[in-house]
Amino acid sequence: MKTSRFLAAFGTLAFAVALSANVQAQTTMNKDSMPGMDMSGMKMTPTDKGGMAGMAMDTATTASMTDGEVRKIDKENQKITLKHGDIKNLDMPGMTMVFKVKDAAMLDKVQVGSKVRFKAEKSDGAIVVTSVELAP
Ligand SMILES: [Cu+2]
């Protein structure tokens, strides 16, 4: 009887020590990691937001519809060859050239020989057709 009571008491004590050590370790970790995360999050938000919003709006307002005629469609590579008029927002005179299209599904609406109106924009250094519709 004596032995088992001692073991029980010792076990409780050991548990209590382990518990308090564990709590201490957690408290220390939180103290170290929390302030660092908060600061990096607050620093990035204001500068990023202002710059990006302005750029996105400029692109959207300057692109205008351009007349063109489809010469070739390359669905596999998501490309279309257009004989196009002046593209004002890109400062480009009329010519026949290959464009990348933003979405392959856009090519389903047109055929070789179709008269179209389209929007072309510069994206990552390449010129991309962002929308196309049959000319009225
Ligand atoms: Cu061109």
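The following paragraphs describe the overall fold, the nonpolar core and the surroundings of one glycine in a predicted model.

The predicted chain contains 1 helix and 5 strands, and these elements succeed one another along the sequence in the pattern α-β-β-β-β-β. The 5 strands close into a barrel, in which they follow the order β1-β2-β3-β5-β4 and the pairing is mixed; from one strand to the next, the twist averages 55°. Of the 136 residues that make up the chain, 11% count as buried. Where contacts link residues at least 6 apart in sequence, 46% of them join residues at least 24 apart.

Within the barrel, β2 and β3 run antiparallel and are joined by 6 bridges. In this pairing, Leu-82 stands opposite Met-97 in β3.

Leu-82 also belongs to the largest nonpolar core, a set of 12 residues that further comprises Val-70, Ile-80, Ile-87, Phe-99, Val-101, Val-110, Val-116, Phe-118, Ala-120, Val-129 and Val-132. At least two residues of this core are supplied by each of β2, β3, β4 (115-123) and β5 (126-134), and β4, with 3 residues, gives the most. Nonpolar side chains tend to be buried together in soluble globular proteins. The surroundings of Phe-99, one of the core residues, can be set out in more detail. When neighbours within four places in sequence are left aside, Phe-99 is in contact with Lys-79, Ile-80, Leu-82, Ala-120, Ile-127, Val-128 and Val-129; among these partners, Ile-80, Leu-82, Ala-120 and Val-129 are also listed as members of the core.

Attention then turns to Gly-85, which is placed in the loop between β2 (79-84) and β3 (95-101), the two strands that are joined by 6 bridges. Gly-85 counts as partly exposed because 16 C-beta neighbours lie inside 10 Å, whereas a buried residue would need 20 or more and an exposed one 12 or fewer. Although Gly-85 and Met-95 are 10 residues apart in sequence, their C-alpha atoms are 6.8 Å apart in space. Apart from neighbours within four places in sequence, the contacts of Gly-85 are with Thr-66, Asp-67, Gly-68 and Gly-94.

Definitions and conventions: Residues numbered from 1 in each chain as written. Predicted model: local features only at pLDDT ≥ 70, side-chain atom pairs only at ≥ 80, totals over all residues. Helix = DSSP H or I, 4+ residues; strand = E, 2+ residues; numbered from the N terminus. Contact = placed C-beta atoms within 7 Å. Pairing = 2+ DSSP bridges. Axes fitted to C-alpha atoms, helices over the stretch in contact; angles between N-to-C directions. Core = buried A, V, L, I, M, F, W, Y, C linked by C-beta atoms within 7 Å.
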